[in-house]
Amino acid sequence: MTLVTRMLTPETWADFATLVQANNGVWGGCWCMGFHPEGVGEGHTPEGNREAKRRHVLGGTVHQVLVYDGDRCVGWCQFGPPAELPTIKNRRTYEQGTDAPPDWRIGCIFTNAKDRGKGVAAAAVAAALDAIRQAGGGVVEAYPEQTEQRPPQRGAYLHTGPEELYTRYGFTRVRKIAKWRWVMRRTV
Ligand SMILES: CC(C)(COP(=O)(O)OP(=O)(O)OC[C@H]1O[C@@H](n2cnc3c(N)ncnc32)[C@H](O)[C@@H]1OP(=O)(O)O)[C@@H](O)C(=O)NCCC(=O)NCCS
């Protein structure tokens with residue numbers, strides 16, 4: 001694969017939408033809205049999530065790297081300041097911590113089901129960190145899943161990505177917020 005990255009903008013929206021639709025809306029129609037202030041779940045429909053995501057893209061309230069293999073969009077990494085991505089997984093436990101909030105967080109990461117294991121997520125995180133650096137840098141948090149000391153996990157269930165992906169880019173564990181999920185940080 002020859003991977004290149006672009007940001008999610010009104011110009012690249014159609015490529016993103018094609019990828020989401022090819023994956024049944026992602027988790028049945030979240031359209032990568034889970035970390036945004038609106039969240040997903042009860043009271044939200046796939047169509048509503050799609051429109052909410054599109055509004056964020058048109059309004060410039062989303063930071064998201066898209067990864068392309070040629071002209072085909074095959075994955076993404078969403079990032080942003082905490083106010084843009086407040087609804088992280090295990091939020092209640094997370095908020096019991098006393099650390100100062102990060103400058104940036106990495107939210108949703110996703111690779112097309114048929115293109116996993118080929119470095120798409122790694123390219124997405126590298127480009128997200130570059131974009132954060134260009135925007136002034138700071139403390140970056142991710143909330144990945146531990147994969148060591150447990151049975152092998154299919155990528156499909158690693159909702160926030162595997163810990164190894166972030167270790168590779170210099171993130172280190174800060175604290176645990178669920179049985180298998182860690183807050184990890186690095187400074188860019
Ligand atoms: C987790 C996910 C993003 C990984 O994407 P990917 O493009 O296959 O990952 P990469 O090929 O770039 O792998 C990067 C590193 O992650 C690790 N990794 C990837 N998949 C892994 C797995 N299933 N188990 C353990 N580690 C894994 C490896 O260390 C890998 O590095 P290596 O290839 O040098 O060993 C992908 O499986 C996915 O999209 N899963 C669904 C996530 C989801 O539901 N997102 C929406 C959340 S609301």
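Visitor: Which residues of helix 2 are buried?

Guide: In this predicted model, the buried residues of helix 2 are Asn49, Lys53, His56 and Val57.

Visitor: Where do they sit around the axis of helix 2?

Guide: Start with the general idea: an α-helix has 3.6 residues a turn, so residues three or four places apart point the same way. Now the case here: the buried residues cover an arc of only 100 degrees around the axis, which puts them on the same side of helix 2. That buried set packs against helix 1 (13-22). On the face turned away from the buried side, you'll find the exposed residues Glu47, Leu58 and Gly59.

Visitor: How many residues does helix 2 have, and what span is expected?

Guide: Helix 2 has 14 residues, and at 1.5 Å a residue the expected span is 20 Å. From first C-alpha to last, helix 2 reaches 20 Å, close to that expectation. Just after helix 2 comes Gly60, with a positive phi of about 70 degrees.

Visitor: Let's carry on along the chain. Where is Thr61 found?

Guide: Thr61 is in the loop between helix 2 (46-59) and strand 2 (63-69).

Visitor: Why does Thr61 count as partly exposed?

Guide: It comes down to a neighbour count. A residue is buried with 20 or more other C-beta atoms within 10 Å of its own, and exposed with 12 or fewer. Thr61 has 13 C-beta neighbours inside 10 Å, so it counts as partly exposed. If you leave aside neighbours within four places in sequence, Thr61 is in contact with His56 and Glu84. His56 is one of the buried residues of helix 2. The C-alpha atom of Thr61 is also 8.8 Å from that of Gly80, 19 residues apart along the chain.

Visitor: And helix 1, the packing partner? Is Leu19 buried or exposed?

Guide: Leu19, in helix 1, counts as buried because it has 23 C-beta neighbours inside 10 Å. For pairs separated in sequence, put the two separations side by side. Leu19 and Asn112 are 93 residues apart in sequence, yet their C-alpha atoms are 7.0 Å apart in space. Asn112 is also a contact of Leu19, along with Cys73 and Val74, once neighbours within four places in sequence are left aside.

Visitor: Back to phi for a moment. What is the phi of Trp27?

Guide: Phi of Trp27 is positive, about 45 degrees, although Trp27 is not a glycine. Trp31 is another non-glycine residue with a positive phi, near 55 degrees. Trp27 lies in the loop between helix 1 and helix 2, and Trp31 is found in the loop between those two helices as well. Their burial can be read from the counts: Trp27 has 17 C-beta neighbours inside 10 Å, so it is partly exposed, whereas Trp31 has 24 and therefore counts as buried.

Visitor: Now the interior. Which residues of the largest nonpolar core touch the most other members?

Guide: The core has 47 residues, and Val65, Leu66, Val67, Trp76, Cys77, Ala124 and Ala128 touch the most other members. Several elements give two or more residues to this core, among them helix 1, strand 2, strand 3 (72-80) and strand 7 (181-187). Helix 4 gives the most, with eight residues. Take Cys77 as a case: apart from neighbours within four places in sequence, its contacts are Val65, Ile106, Ile109, Ala124, Val125 and Ala128.

Visitor: Which residues of helix 4 are buried?

Guide: The buried residues of helix 4 are Val120, Ala121, Ala123, Ala124, Val125, Ala127, Ala128 and Leu129. They pack against strand 1 (3-7), strand 2, strand 3, strand 4 and helix 5. The span check works here too: the 15 residues of helix 4 should span 21 Å at 1.5 Å a residue, and its end C-alpha atoms are 21 Å apart, which agrees. Just after helix 4, Gly136 has a positive phi of about 115 degrees.

Visitor: Last stop, the ligand. How many residues surround it, and which are the closest?

Guide: There are 27 residues around the ligand, the closest being Thr111, Arg116, Ala121, Gly155 and Glu164. Ala121 is also among the buried residues of helix 4. To read a shell, look at which elements supply it and then at residue class. Strand 4 (104-111), helix 4 (120-134) and helix 5 (163-167) each supply at least two residues, and strand 4 gives the most, with four. By class, the shell has 13 nonpolar, ten polar and four charged residues.

Definitions and conventions
Residues are numbered from 1 along each chain as its sequence is written. This is a predicted model: local features need pLDDT of at least 70, side-chain atom pairs count only at pLDDT 80 or more; totals for chains, interfaces and linings use all residues. Two residues are in contact if their C-beta atoms, placed from the backbone, lie within 7 Å. A residue is near a molecule or strand if its C-beta atom, placed from the backbone, lies within 6 Å of it. Ala, Val, Leu, Ile, Met, Phe, Trp, Tyr, Cys and Pro count as nonpolar, Asp, Glu, Lys and Arg as charged, and the others, Gly among them, as polar. The expected span of a helix is 1.5 Å times one less than its number of residues. The arc is that of the directions from the helix axis to the C-beta atoms. A nonpolar core is a set of buried Ala, Val, Leu, Ile, Met, Phe, Trp, Tyr and Cys residues joined through C-beta atoms within 7 Å.
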